[in-house]
Amino acid sequence: MAKVVKKIKLQIPAGKATPAPPIGTVLGPAGVNIGDFVSKFNEATRDRMGSIIPVDMTVYEDRTFTFVLKTSPTPRLILKAINQEKGSGKTPSKKVGTLTKAQVQAIAEEKMPDLNAGSLEAAMRLVEGTARSMGVEVN
């Protein structure tokens with residue numbers, strides 16, 4: 001088995017990876033075939049267009065690589081649910097939207113594979129905490 005040389009974490013728009021910066025500038029020094037990564041990533045994420053996809057990439061000494069796709073970051077899912085571009089800059093005083101318990105549960109279910117929560121209720125509390133820190137009320 002090949003030896004791991006580098007681990008790389010990226011956040012890329014689904015289906016829209018290009019060899020241009022920032023992807024090319026991160027993968028080039030690692031010796032990765034950038035075009036190969038871009039085509040594999042775009043093919044794997046074509047069904048999730050419009051989302052930001054975190055990628056955990058492992059580069060081996062023979063310049064091969066593997067990557068694991070994660071679910072979109074929780075704040076992005078919250079903003080998508082409330083139809084906003086960004087959270088509140090003045091969190092305790094200014095609210096930017098409201099999430100229902102059903103929306104919180106849907107986000108928690110989507111994020112469950114990537115969270116370290118032991119139950120759906122714990123995952124929902126994590127999502128609610130993120131929402132509150134962004135200035136989003138939870139009802």
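How do H4 and H5 lie to each other, roughly parallel or roughly perpendicular? They are roughly perpendicular (65 to 115 degrees), and the first view shows that contact. The model is a predicted one, in which local features need pLDDT of at least 70 and side-chain atom pairs pLDDT 80 or more, while totals for chains, interfaces and linings use all residues. Numbering starts from 1 along each chain as its sequence is written, and side-chain values use heavy atoms, without hydrogens or water.

**View 1. Helix H4 packs against helix H5.**
Helix H4 spans residues 101–111, and helix H5 spans residues 120–133; helices are DSSP runs (H or I) of at least four residues, and strands are E runs of at least two. The axes of H4 and H5 are 9 Å apart and cross at about 110°, with angles running from 0 to 180 degrees between N-to-C directions. From H4, look for Lys101, Val104, Gln105, Ile107, Ala108 and Glu109 in the contact (heavy atoms within 4.5 Å). H5 answers with Leu120, Ala123, Met124, Val127 and Glu128. By class, this contact holds 7 nonpolar, 1 polar and 3 charged residues; Asp, Glu, Lys and Arg count as charged, Ala, Val, Leu, Ile, Met, Phe, Trp, Tyr, Cys and Pro as nonpolar, and the others as polar.

**View 2. Helix H3 also meets H5.**
Here H3 (residues 74–82) comes up against H5 at an angle of about 75°, and the two axes lie 10 Å apart. That angle is why H3 counts as roughly perpendicular to H5. Thr74, Pro75 and Ile78 of H3 touch Val127, Thr130 and Ala131 of H5. No charged residue takes part in the contact of H3 with H5, which has 4 nonpolar and 2 polar residues. You may recognise Val127 from View 1, where H4 contacts this residue.

**View 3. The largest pocket is lined in part by H3.**
Its volume is about 210 Å³. A pocket here is an open set of points on a 1 Å grid where a 1.4 Å probe fits, with protein on both sides within 12 Å along at least five of seven lines; lining residues have an atom within 4 Å of a point. Gly50, Ser51, Ile52, Ser72, Arg76, Leu77, Leu79, Lys80, Gln84 and Glu85 make up the lining. H3 gives the most to this lining, with 4 residues. In character the lining is mixed, with 3 nonpolar, 4 polar and 3 charged residues.

**View 4. Three strands form an open sheet.**
The order is E1-E2-E3, with antiparallel pairing (strands pair if DSSP finds at least two bridges between them). E1 (4–13) and E3 are the edge strands, each pairing on one side only. On average, neighbouring strands in this sheet are turned by 20° against each other, direction ignored. Helix H2 (residues 34–45) lies across E1, E2 and E3, at about 25° to E3.

**View 5. A hairpin joins E2 to E3.**
Follow E2 (residues 52–60) into E3 (residues 65–69): the two run antiparallel and are joined by 5 bridges. Valine 59 stands opposite phenylalanine 65 in E3. The hairpin has 4 residues between its strands. Arginine 63 sits in this loop, and its phi is positive, about 70°, although this residue is not a glycine.

**View 6. A cis peptide bond links two prolines.**
The bond from proline 21 to proline 22 is cis, with omega near 10°. Proline 22 belongs to the loop between E1 and helix H1 (23–27).

**View 7. Stepping back, here is the protein chain.**
The chain has 5 helices and 5 strands, following the pattern β-α-α-β-β-α-β-α-α-β along the sequence. Its C-alpha atoms fill a box of roughly 50 × 30 × 25 Å, taken along the principal axes.

Definitions and conventions:
Points joined across faces, edges and corners; volume = space filled by probe spheres on them. Parallel < 35°, antiparallel > 145°, perpendicular 65-115°, else oblique.
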